[in-house]
Structure formats: structure tokens, C-alpha cells
Amino acid sequence: MTLTASGLAKAYGARQLFEDVTLHLSPGRRVALVGGNGTGKTTLLEIMAGLLESDAGTVTKPRDARIGYLPQDLREVHEGTVRTHVRAGAGHLSQLARTLKEFEHQLSGAANRQDDLVVRYGEVQAQFEQLGGYALEAEVAKVLAGLGFSGADSDRPVAELSGGWRMRAALARLLVSEPDILLLDEPTNHLDIDSMAWLERRLAAWPGCLLFVSHDRDFIDAVADRIVELASGTTMAYEGGFAEFVVARTERLERIEAAAARQAREVARIERFVERFRYKASKARQVQSRVKTLEKLERVQVPSRSELAARFAFGAPPRSSRVVAELTDAAVGYPDSDGPVVSGATLAVERGQTVALVGPNGAGKTTLLKLILGELSPTAGLVRIGANVRVAAFGQHQADELDGTKRAIEVFSAGIDPGRRNLRTVLGAFGFRGDDADRRVAELSGGERTRLALARLMVESVNLLVLDEPTNHLDLPSCDILEDALGAYPGTVLLVTHDRHLIRAVADALIEVRHGRAVWHLGADESVLFPDEKAVPPPSPFGAKLPAAAVSARTDDPSSPNQSSEPHKARTSPADRAERRRASARARAATSALRRRVADLDRAWAAADADVDELHRRLSDPAVYNRPEEVHALASAHEKAADRAAALLAEWEASLAELETLGQRPEGVSAAE
């Protein structure tokens, strides 16, 4: 079964979305459709699915081909339970099952043997078995489990589910139906990391035609074998995954830009000839020939790179204490729950860190976040919030709450003291340049509204940002803007997202919430971002990644529930206790000296890095290149300063690693630095 689109065009009023678009989907081909917000990706999918008419062109498919389409938002709520809703996706099998039951009823009531009925029953039964009918229940259960539904949730009415879970049920129904052609519009928006990893494996082995829209680079790389970019009103196909697409696209754009530059030089040369000899009779024929050449010339069009290069200069946020939030053996739950949602949580979020909370939906990420922010009280253990912590939070639906009657610059600047900043310049860094800053919010796409809401939040004078799924509905260039902004933001960030590329790019640490436990992972641990579907719960509430500081605290604290101080004293001789005290004193002395060395190296590296920045600034001054001797001296000094800064940084990192093996951290230094 194939699906082919030829010469498709679509416009809304004077705005031309695309034209002359050609696509070909064949069995086993998995195509990712990428492009900026508002370029027409969803419109193109709806045309391919037969839900929307194109202005020009045709879509061709076999008469009996079955198309399955998952939109970004569901407009209707189905009746029945999740399990029956998903099972009904296999409509052809359901019809065969009903036919078998009718035959069985007729055969059971027949007084005499009916050979024709038996033969027909055998034929339908063989077809039902060949199509996997007897394995349907197992397949439904497998798909529902893969998308995060528990057994109890599978028997809940679909109408009781939230929008995100209804989208999962719709996706499960599509997968069970096994259409010949599968069209998916942002299928990962409502999935957690576990469900996304399962879906990647499922779609990577999809036997039919697959066309999907996604902003998730890792998901595209895992599933797609071809990328189709919709930009500048047309499409361009690239073989391979996302990494190959980026390289091939860059090379193609560079070739086009070079051709455009060559053409521009040739046009300028011809125009100079025409201007020079326009009024010379002896050159009239040559002038007219060149004028006609210019009139007929088809100019090389350079497509947009769809990259919103951004520069961020956030003001320094109010300084909080070094430890922004600290949990010690904490548990949290709700009055109507059977037990704690999360228990045994021991972790510390430090000033300047970006920490991502990951784990399956329903595991307790939001609950733990509320505990860290002080919105819920612990049912056990301790929670300490640092001094002078000021919070700003971004929710999944915050972009929908913006005032549609206001202009983007009005929403962005409302209540903000610009200080020395030009707010239009700051808003431009988030992709709203020139006239875009004056567009009404109601005219913005969903991704643009999300970007505006994030921009408004990140210029607040706060030192702790809490972001809940900020990449939903963002296109790839907007995701890049968010990544750059988080990298430049000087405060602390708590991030809930399923975008693994974003996590790897910005996160200093992960908090994995799973099986009622909160496990701290230093750095972006790939085994957490790509969980094995056969993984079992770790034997310890903290797994193998408990922060060294927490290990030290639990070992040295005699009040820890893992310690039993009185029996321990009875089994230990005075000589042993004295030797342990001497060893502890030696360790404290060594740790103290190492901590001072880390602090000294930190200051030395900061000074060396400042020297590099100053020399770079002086070398960036165009006027200096009028003085060759000074340029040579500055370049030599810059190289030496850069080498010194790199050496100090390497020494600082080695000393910090040694210090952290002792379970200590220097004052003012985060665990992820």
C-alpha cells in the first residue's frame, strides 16, 4: 500500500502555506515531517489523511488502503472503557469475531448437521486466526501497558481521562488497528520517557507507511529513515535520521548560498556594463542583449535556515542561599491515598543548578515538585527551602491563558522594570523581531504563544524557574531558543520534560521518580533517559546514584534510621573508638586542605577566564587591525591566557572530583559544576 501526493498547494486568504508539494510513502518507509510553527505541517497531514481539500494537486492511494490519523488535539470524547475503545480499533477483527459468534449460535441450535455452515465457520475461523484475532486481547494489553496504562486504568471510562491520557488511548487504538498508512501529529507531546522509548521501538519496526510530525530530535533519530522539511512554501527530502538531516541540510544551504552569491556577482557585472554603455550607439545591441538576459534570469532563491539565532543577557537574579531546597528521608502523599506517593527522598538542589525530573507519568513527579516548592508538607522526614528563594512557574497550559487582545510586546513588558535593557531587543532574542513584536497574541500560533509565555517568565526577577513540559507545541527552532535561554539563565531551574535532547543539553542532574522513590543522578544519565523496558525497581530507595553528600549524611548521623548507636557502642572497644576518632580527624584535615585548594583554583580560573574574555574583546575591535604589531601581541597573549585558563579548569575539575569522593562540596560550588 502506498500513498502519493503530487503538486499539493494550500493557502488561507492571501497567505500561501505551500505549493507544488510532492510526497511518496511506501511500505516500511518511516518519514518525519519537520518545519517551523505555521509552515503548514498539520494542514499537509490533514490533506494526506483526506480530512481537508487542497487548493491544487492530488493525493493517490489504493482503494482498500486503511489510513490512521492521530491529530494534536482530540475534538470528541468516546464512550466505553479504555480497553473496549482500544479493542474497537481492530474493527476488521471485531467484525470477524461477531460473525464467528453468530455461526456458533446457529450451529448450537441446529438439529441436524449443516455442512455448508460448518465449512463457512471454518473459513472465517481460519481467517480470524491468521489475522491474529485470538491474540487481540494480549496485543491490546501490551499496547496499553507500553503507553503507560495500568490494569485498573485500562478499565476506566475514556470520558474520565484527562486530555493527555485520552490522546494516549487514541494512539493505542491506532496502533492496535494496524492501518496500512499511519499519520501522527506530535505523538510524543503527552508521553513520558518510558512510553516514548516503547513507542520508538514499536514504530521503528512498523511494517506499513509512516509519516509523523515531531519536534523531538531523539525520537526522530530513533524512528525515521527519511526527513522531509517543509520550509519556504515547499518540501525537501533528506535520507537518514535527524543527525544526517542536519549535516545534509547545512551542506545544501551552503551550496545554494554560494550559487546565489555567484549569481549576484554576475548580475552586478552585467548591470555595470549596461550602465556604462547604455548611451553608446556602438554598444546598443550588446546592452539590449544583456538587459534581456537580466529580465529572463531565474534568480537563485536562498531558503530560510529556520534558525532563530539568539543572544541572551539575563540580569543577575536575587541571590539565594547555596542550597535552594533540601530533602532528608522525606515522604509525601495525599490524605485519600493508601500510602506515600514518594518516600525516602534525600537530595539537595543547589544554587545555579538545572535539575530535570524524569519518570513515568503518575509516578509522582508533580507531587515531588510541590514538596520541593513547599506547596505540600512532608508526611515524614525533613524538607528545607533555602533563604531568599523566589519562584516563577510555567505550566503546560500557561500559553493558553495569555490575553489574546494584546500585542506580544505588551504581554512581555507588562510589570517588568526594563532597567538598562531594551525589552524589544530581549523579546527579539526569543524570536519576536521587528513587526512580530507588535502582533496580537490571538494571531500567534500555539508554539509562538508558548515561546512568548516562556520569554515573559524568564525575564522575571526570580532565582528559581519551574518549567513543566515547556517544549510542547514548540517547533525545532523554538526548542533551540529555549535551550540557549536555559543555558544562559543564571538562576536555578527545575525542569519537567520528555525532551531528552533538551535534558542532555542543559541538565546538571536528574531526579528519577519511579516506584515511589526519588533517585538522584549526577549528570544526564543515558540509562535513565533511555530506560530498558525490562528494568526492575532498584533494591535501595536511592538506587546506585545517591549523592555523595547524602551518603555522608546518612553514615555520620547517629539519628539516621539505618544506624543503631547504642548496640554499636557495646560491640566497639575504647581503642577502636579512639582510632576511629583519629582517622576521622585526619580525614577532616585532608578534606579541609582539599576544599581550600578547590576554592583557590576556582578563583584563579575565574581570573584567568576574565583575562581571556578581555583579550577577546580587544581582538574583536575592528580598529585594532590597523595596528599589526598590536594584533600580533594580543593574539599571542590571548593564546597563552586561554591555555592557562584551560589548565586551571582541568586542575580544578580533578580536585573537585577528588573532594566529592570524600562526600564533600566546597562552599558555593554545585555538584554539577
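1. A strand, as the word is used here, is a DSSP run of type E with at least two residues, numbered from the N terminus. In this predicted model, Ala393 belongs to strand S14, which covers residues 391-394.

2. The surroundings of Ala393 can be described in some detail. Ala393 is partly exposed, because its relative accessible area of 44% falls between the limits of 20% for buried and 50% for exposed. Leaving aside residues up to four places away in sequence, Ala393 touches Gln398, Leu457 and Val466. Val493 lies 100 residues from Ala393 in sequence, and the distance between their C-alpha atoms is 9.9 Å.

3. Towards the start of the chain, a reader may look at the hairpin of S1 and S2, in which two residues stand between the strands and Gly13 adopts a positive phi near 65°. Strand S1 takes in residues 3-12 and strand S2 residues 15-25, and the two run antiparallel, joined by seven bridges. Within this pairing, Thr4 has His24 of S2 opposite to it.

4. A second antiparallel pair is formed by strand S10, residues 323-332, and S11, with six bridges between them. Here the residue opposite Glu326 is Ala348 in S11. Strand S11 itself, residues 342-350, is largely enclosed by the rest of the structure, because eight of its nine residues are buried.

5. How many disulfides does the structure hold? The count is zero, and it may be read beside the settings of two cysteines. Cys209 has a relative accessible area of 0% and is therefore buried, the limit being under 20%. Cys479 also counts as buried, because its relative accessibility is 4%.

6. A search of the whole structure for cavities of 30 Å³ or more returns three of them, and the largest encloses about 50 Å³ of space. Which residues line the largest cavity? The lining consists of Leu70, Met167, Arg168, Leu171, Glu186, Pro187, His190 and Leu191. Sorted by class, this lining has five nonpolar residues, one polar residue and two charged residues. Helix H7, which spans residues 163-177, gives the most to the lining of the largest cavity, contributing three residues.

Methods:
Residues are numbered from 1 along each chain as its sequence is written. This is a predicted model: local features need pLDDT of at least 70, side-chain atom pairs count only at pLDDT 80 or more; totals for chains, interfaces and linings use all residues. Side-chain values use heavy atoms; hydrogens and water are left out. Two strands pair if DSSP finds at least two bridges between them. Helices (H or I, at least four residues) and strands (E, at least two) are DSSP runs, numbered from the N terminus. Buried means under 20% relative accessible area, exposed over 50%, partly exposed in between (1.4 Å probe, protein chains only). Contact means heavy atoms within 4.5 Å. A disulfide is a pair of cysteine sulfur atoms within 2.5 Å. On a 1 Å grid over the protein atoms alone, a cavity is a set of points where a 1.4 Å probe fits but cannot get out, and a pocket is an open set with protein on both sides within 12 Å along at least five of seven lines; lining residues have an atom within 4 Å of a point. Grid points are joined across faces, edges and corners, and a volume is the space filled by probe spheres set on the points. Ala, Val, Leu, Ile, Met, Phe, Trp, Tyr, Cys and Pro count as nonpolar, Asp, Glu, Lys and Arg as charged, and the others, Gly among them, as polar.
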